Amino acid sequence: MQKLVLIGGGHSHAIALKMCADNPLKNVKIVLINDVEKTPYSGMLPGYIAGYYTIEQTHIDLQKLAKKSQTKLIIDQVIDINTTQNTVTCSSGKIIPYDFLSIDIGSTPDKSNIKGAKEYATPAKPVPTLLEKWHNILDNCRQKPQENITLNIIGGGAGGVELALNMRQQLINIIDQEKVTINIINRGSKILSQHNQTASNIFHNLLIDKKINLYLNTEIVQILPHKIISAQSKEIRGNYHFLVTNSSPAPWLQKTNLSLDKKGFILVKNTLQTLSHDNIFATGDIATIQNYPRPKAGVFAVKQGKPLYNNWRLLLKYQKPQPYHPQSLYLSLIGTGDKKAVAIWGDFAWLSRFFWFFKNYIDQKFMQQF
Ligand SMILES: Cc1cc2nc3c(=O)[nH]c(=O)nc-3n(C[C@H](O)[C@H](O)[C@H](O)COP(=O)(O)OP(=O)(O)OC[C@H]3O[C@@H](n4cnc5c(N)ncnc54)[C@H](O)[C@@H]3O)c2cc1C
């Protein structure tokens, strides 16, 4: 019997395992290694922060999914892959052999150029760290509702802006809105620079409307307990600092001899197999598909689940894996915290209450599968 080892219970692996539950793969033992038992669904995470969903509604229970798909779940953190011996090393010291490997471990915000980021800032990922900090903040606010609070959110992409709007929504449910200050600090001259100008303008106006302060062309170089400092020596005070900067890959991948791109993400062919090893797949944020530059977004990780499952099946039968062509146009639905959302499609962007209900419907339907 062959052994297929999955590292990370990200979106693509969740979909592929769901497909294994519905249509089991033959003559293979599947092992999933993930560092937590419940993996977050990114689409609903900001809604959880705003207080619209529960943990159960926004997290996939990997124990349940593993049972359904006859997969062995190991809760551990992978720290190395030995491609000569075909083994995976975990932080507990466990060494797990594989015939086929599939990697879907996501990414984390880049903190490499910011002094003090590790000590004094909370990155948006891993999500459990973010949520732990968020729960602490909410507890503090409930205990001391008379105190002012200032949050600094470093990064003005879709993730940072959505987080800011949703955090504000929950905080003003607990304390007077005059006591809440939220700053978004962005290196570039406009927010949501990966999206069209209309989307950027809509969010810019929304931030003004909600009295969220925006610092553009401001690159943060140092973080201290109660302030952050820009390259131009500007100081911005705050009680809590969050990092929602560009995605960066796990540093331990550098030790492996997997094919990596310039930034250290795993370079794969459009069959989702690594360039370096045909028996190793990578998907989601951690993978860069050669000749298909796409943003690191959950929507792509989800879409890759089905071709990944199909190619596992083909490879296990010693057949040729099929190419997958990631779409260039895709729908983004970004919540604004007040039960409205902005739909972005190509050059189009539109804010409405309807898109929140639509997003909620799609997200709930996605989670119902599990
Ligand atoms: C605030 C915020 C909001 C976002 N909103 C959206 C959105 O609305 N739409 C959208 O498309 N994208 C959104 N994104 C981006 C989205 O979160 C990612 O693109 C998506 O989660 C990537 O999915 P993935 O499958 O690659 O990995 P992930 O979903 O990150 O899953 C990786 C899993 O692997 C585990 N893991 C990691 N390392 C190891 C290891 N070494 N060993 C074992 N397990 C490991 C992790 O714990 C996790 O369970 C948002 C991001 C942020 C920060």
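Me: What makes the pair formed by an oxygen atom of the ligand and Gly 106 a polar contact?
Reply: A polar contact is a pair of N or O atoms within 3.5 Å; within protein, one must be able to donate a hydrogen and the other to accept it, and residues adjacent in sequence count only if both atoms are side-chain atoms. The ligand oxygen lies 3.5 Å from a polar backbone atom of Gly 106, so the pair meets the cut-off. This is a predicted model, in which local features need pLDDT of at least 70 and side-chain atom pairs pLDDT 80 or more, while totals for chains, interfaces and linings use all residues. Residues are numbered from 1 along each chain as its sequence is written, and side-chain values use heavy atoms, without hydrogens and water.

Me: How do you know that Ser 69 is buried or exposed?
Reply: Buried means under 20% relative accessible area, exposed over 50%, and partly exposed in between (1.4 Å probe, protein chains only). Ser 69 has 7%, so Ser 69 is called buried.

Me: What does the side chain of Ser 69 reach?
Reply: The backbone oxygen of Leu 65, at 2.8 Å.

Me: Why are the buried residues of α11 placed on the same side?
Reply: The buried residues are Phe 355, Trp 356, Lys 359, Asn 360, Asp 363, Phe 366 and Met 367. They cover an arc of only 140° around the axis, and therefore lie on the same side of α11; the arc is that of the directions from the helix axis to the C-beta atoms. On the other side of α11, Phe 354, Tyr 361 and Gln 368 are exposed.

Me: What caps the N-terminal end of α11?
Reply: Ser 352, with a side-chain oxygen 3.1 Å from the backbone nitrogen of Phe 354.

Technical notes
Helix = DSSP H or I, 4+ residues; strand = E, 2+ residues; numbered from the N terminus.
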